[in-house]
Amino acid sequence: IGIDNYKNISNLKTARADARAVAKVLKENYGFRVSLMLDPNRDEMIDKLDDLRATLKYNDNLLIYYAGHGWLDEKGDVGYWLAADAKDNRRSKWISNATITDTLKTLESKHVMVVADSCYSGRLVRGLSVSLRKPDLEQLVKKKARVVITSGGLEPVDDNSGSGHSPFTDALLKSLEENTGVLDGNALFNSIRRPVMVNADQTPQFSDVRKAGHEGGDFLLVRRN
């Protein structure tokens with residue numbers, strides 16, 4: 001999902017290009033079947049989540065990438081993704097973290113990863129979880145995973161690094177392109193965290209998604225030969 005063109009709030013510069021580039025590398029390098037949504041409204045985004053809920057099976061892996069505006073309701077302590085038809089101070093066209101979490105909980109897929117490049121995206125995570133130990137891939141594959149990598153914590157994030165992509169997605173793309181084997185979510189996060197922190201005033205985060213059925217697994221990206 002990439003949203004640059006908002007009907008009622010300020011536009012972004014690189015979200016559509018970011019989404020296109022991520023879709024391309026996932027399809028060509030990792031064999032994903034990709035559904036690319038550019039400037040979708042709220043109904044279109046919710047309908048797509050419902051389509052996934054209805055069609056995905058246990059052995060399917062799902063990666064949801066979102067680049068667009070995010071919002072934090074400090075009084076309610078709730079984060080939102082803002083669809084292309086979102087309005088200021090009107091939640092009718094916002095998508096709450098609770099809606100995303102509820103969807104992840106009901107999906108049949110064993111392994112799901114959310115990659116969120118938006119302001120205040122850290123509200124999706126339980127807490128920073130970083131490990132430098134070599135993972136037991138066999139155990140990660142067996143267990144259910146609901147994990148998220150966000151471009152920042154509870155702060156605004158940069159939209160343009162000067163490369164045509166955001167600082168976060170620029171680092172994400174480089175990691176995905178340079179990988180030659182199996183890349184788990186924790187290793188992916190470790191490879192992009194420092195480049196983002198060096199080039200922008202934001203700190204990416206990685207963890208399981210709150211209350212979404214995570215059982216200790218991780219998302220594995222396997223490079224095609």
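**Figure 1. Confidence along the protein chain of the predicted model.** In the protein chain, confidence is lowest in helix α4 (residues 137–142), with a mean of 72, and highest in α1, at 98. The protein chain has an average pLDDT of 89, and 92% of the residues score at least 70. Over residues 126–133, pLDDT stays under 50. For this stretch the model has 21 contacts beyond four places in sequence. Where pLDDT is low, the predicted coordinates should not be read in detail.

**Figure 2. The open sheet and helix α1.** Four strands form an open sheet in the order β1-β5-β6-β8, and their pairing is mixed. At the edges are β1 (61–67) and β8 (205–208), each of which pairs on one side only. From one strand to the next, the twist averages 15°. Strand β5 (residues 111–117) and strand β6 (residues 145–150) run in the parallel sense and pair over six bridges. Met-113 has Val-147 in β6 as its bridge partner. Helix α1 (residues 15–30) packs on the sheet, where it touches β1 and β5. The direction of α1 makes about 160° with that of β1.

**Figure 3. Helix α5, residues 167–178.** The helix has 12 residues, which at 1.5 Å a residue should span 16 Å. The C-alpha atoms at its ends are 17 Å apart, which agrees with that expected span. Helix α5 is mostly covered, as nine of its 12 residues are buried. Among the buried residues are Pro-167 at the start of the helix, Phe-168, Leu-172 and Leu-176.

**Figure 4. An edge-to-face pair, Tyr-80 and Trp-94.** The count of aromatic pairs comes to four. In this one, the ring centres of Tyr-80 and Trp-94 are 5.0 Å apart, with 70° between the planes. Tyr-80 lies in strand β3 (residues 78–82) and Trp-94 in strand β4 (residues 94–96), so the pair ties together parts that are 14 residues apart in sequence. Tyr-80 counts as buried because its relative accessibility is 9%, under the cut-off of 20%. Trp-94, at 8% relative accessibility, counts as buried too.

**Figure 5. A stacked pair, Phe-189 and Phe-206.** The ring centres of Phe-189 and Phe-206 are 5.8 Å apart. Their planes meet at 25°, so the pair is stacked, the cut-off for stacking being under 30 degrees. Phe-189 belongs to helix α6 (residues 185–199) and Phe-206 to strand β8, so that the pair links distant parts of the chain, 17 residues apart. Phe-189 has 0% relative accessibility and counts as buried. Phe-206 counts as buried at 5%.

Notes. Residues are numbered from 1 along each chain as its sequence is written. This is a predicted model: local features need pLDDT of at least 70, side-chain atom pairs count only at pLDDT 80 or more; totals for chains, interfaces and linings use all residues. Side-chain values use heavy atoms; hydrogens and water are left out. Helices (H or I, at least four residues) and strands (E, at least two) are DSSP runs, numbered from the N terminus. The expected span of a helix is 1.5 Å times one less than its number of residues. Buried means under 20% relative accessible area, exposed over 50%, partly exposed in between (1.4 Å probe, protein chains only). Two strands pair if DSSP finds at least two bridges between them. Axes are lines fitted to C-alpha atoms, for helices over the stretch in contact, and angles run from 0 to 180 degrees between N-to-C directions. Contact means heavy atoms within 4.5 Å. pLDDT is the predictor's confidence in each residue, from 0 to 100. Rings of Phe, Tyr and Trp (its six-membered ring) pair if their centres lie within 6.5 Å; planes under 30 degrees apart count as stacked, over 60 as edge-to-face and the rest as tilted.
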